[in-house]
Amino acid sequence: MRQFYLCTAISLVAMFASGNMAEAQNGSVDDKVVEWRRHIHQNPELSFKENQTADYVENILKGFGNIETMRPTPTSVIGILKGKKPGKTVAFRGDMDALPIQEETGLPYASQVSGVSHACGHDAHTAMLLGTAATLSKMQDELAGTIYFIFQHAEEMYPGGAQEIIKSGVLKDVDAFFGLHVSPSLPAGVIGILPVGAASTNADGFNLTIRGKGSHGSMPHLGIDPIVTGSAIVMNLQTVVSRNISPGEMAVVTIGRFQSGNANNVIPETASLGATVRTITDSTRTLVADRIKAIVENTCRAYGAKYDLDYVFSYPAIQNSPQLVALARKAAIEALGSDWVVDAPRMTASEDFAYYKEIAPICFIILGVGDGPANHSPKFNLDEKALSNGVKVEVQIIKDYLN
Ligand SMILES: [Zn+2]
Ligand SMILES: [Zn+2]
């Protein structure tokens, strides 16, 4: 922390000493970013319901004077800044939705909406991207190409906002997508460069209902026991990863829910199981799903039970482009210095940013926001001093990509 204040102080001195106006103005952009973030934080809106947030963002973008706006879906906003020179098209994405979580931070600017809060930091993503747009809107003359600032709705709720915006067709000319997520896993203001290839996991899972035949517990021969069937399925599923997946390849199958019965002397009619499944490649994703389906089907058949299996393919893994990761690393070092840039391990969380790869190469990075409770905790909070670094890096990545 102390190092952060020191560096900020040094950069402020250097900024005024050099008389660089663009840098000097960044001071006020930083203040605005905090102000925007707090407004959004106090007024959180759930996925697909970001109406006021989208209006707020669109009005601010319009205020910059040279950014066109569009609403590809009712609650998403895209700002478009065209440089004075021709060139490529680059997009930076920030998500805007909050979570159905009652905030417990005790902050003076805590959520004013009961049961809804920005426990994943999307308020910061939105505010930083506005700061990035504000900064770049003053550099229009020196920009070669076009910038799309994607203020995306509904990241937190499958099928997610990214797919809707992609389907609207407005992003078809984009040549590269960048995105950033705040994380308490790194010190405030530190940029984490995620791996090339899978930067997150395919986040799938299933819900299974086993339908047996109820009976008295003392007369098991008259029933079909869904608990015994389910137990056999749980044990057989332990071989999906251990006997099918190449050692060194990452895969997880976790049965996190197994519910059945409510009396000690009754064989129940049904059992209900739920699982999460994580993989990093398409081929393993398919293989694991196929093995799970085969084990469920054949174990139920062996025990004489029927079943309903709802296998859910959710957000795919983010596949980071090697070229864009190299560019992001170089830009982050250029913007902040190498002390502020580290290699971050693959995220275990999932992100619908992954879908933008259907259009063009993508790169996702993380911004440390200081030690604290994890994303989605009711006590999740962030050190706002990190936001300035986030804006600097976003601006540098966009400039480096275009010029
Ligand atoms: Zn989240
Ligand atoms: Zn998030």
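**Salt bridges, zinc coordination and a pocket**

Aspartate 123 and arginine 37 form a salt bridge in which the closest N and O atoms are 3.0 Å apart. Because aspartate 123 belongs to helix H4 (residues 122-137) and arginine 37 to helix H2 (residues 21-42), the pair ties together parts that are 86 residues apart in sequence. The model is a predicted one, and the values reported here are computed from it. Both partners of this salt bridge lie under the 20% limit of relative accessible area that marks a buried residue: aspartate 123 counts as buried at 0% relative accessibility, and arginine 37 counts as buried at 1%. The two residues also take part in a network of salt bridges that links Arg37, Arg38, Asp123 and Glu384.

In total, the structure holds 17 salt bridges, and two further pairs may be described alongside the buried one. In one of these, the side chains of glutamate 68 and lysine 82 meet at 3.1 Å, N to O. This pair links distant parts of the chain, with glutamate 68 in strand S1 (residues 68-70) and lysine 82 in strand S2 (residues 77-82), 14 residues apart. Glutamate 68 counts as partly exposed at 43% relative accessibility, and lysine 82 likewise counts as partly exposed, at 44%.

The other pair is formed by lysine 84 and aspartate 141, whose closest N and O atoms are 3.4 Å apart. Here the link runs between two loops, since lysine 84 lies in the loop between S2 and strand S3 (85-95) and aspartate 141 in the loop between H4 and strand S4 (144-152), with the two positions 57 residues apart in sequence numbering. Lysine 84, at 56% relative accessibility, counts as exposed, as does aspartate 141, at 57%; both values are over the 50% limit that defines an exposed residue.

The zinc ion (ligand 1) is coordinated at 2.0 to 2.8 Å by the SG atom of Cys120, by two OE contacts from Glu156 and by NE2 of His376. The angles among these four donor atoms run from 51 to 150°, and the site is irregular, because four donors count as tetrahedral only if all angles lie between 85 and 135 degrees, and as square planar only if opposite donors are over 155 degrees apart. Along the sequence, the donor residues of the zinc ion (ligand 1) follow the spacing C-x35-E-x219-H. Cysteine 120 additionally bridges the zinc ion (ligand 1) and the zinc ion (ligand 2), which lie 3.1 Å apart. Cysteine 120 is placed in the loop between S3 and H4, whereas glutamate 156 is in the loop between S4 and helix H5 (161-168), so that the pair links parts of the chain 36 residues apart. With a relative accessible area of 7%, cysteine 120 is buried, while glutamate 156, at 21%, counts as partly exposed.

The second largest pocket contains about 610 Å³ of space. It is lined by 26 residues, of which Met347, Thr348, Ala349, Ser350 and Asn375 are the closest to its centre. Among the elements that contribute to this lining, strand S5 (residues 176-183) gives the most, with three residues. Considered by class, the lining of the second largest pocket is made up of 13 nonpolar, nine polar and four charged residues.

Conventions:
Residues are numbered from 1 along each chain as its sequence is written. Chains are lettered from A and ligands numbered from 1 in the order in which they are written. This is a predicted model: local features need pLDDT of at least 70, side-chain atom pairs count only at pLDDT 80 or more; totals for chains, interfaces and linings use all residues. Side-chain values use heavy atoms; hydrogens and water are left out. On a 1 Å grid over the protein atoms alone, a cavity is a set of points where a 1.4 Å probe fits but cannot get out, and a pocket is an open set with protein on both sides within 12 Å along at least five of seven lines; lining residues have an atom within 4 Å of a point. Grid points are joined across faces, edges and corners, and a volume is the space filled by probe spheres set on the points. Helices (H or I, at least four residues) and strands (E, at least two) are DSSP runs, numbered from the N terminus. Ala, Val, Leu, Ile, Met, Phe, Trp, Tyr, Cys and Pro count as nonpolar, Asp, Glu, Lys and Arg as charged, and the others, Gly among them, as polar. A salt bridge is a side-chain nitrogen of Lys or Arg within 4 Å of a carboxyl oxygen of Asp or Glu. Buried means under 20% relative accessible area, exposed over 50%, partly exposed in between (1.4 Å probe, protein chains only). Donors are N, O and S atoms within 2.8 Å of the metal (3.2 Å for Na, K and Ca); water is not among the atoms, so sites may look incomplete. Four donors count as tetrahedral if all angles lie between 85 and 135 degrees; four count as square planar and six as octahedral if opposite donors are over 155 degrees apart and all others between 65 and 115; anything else is irregular.
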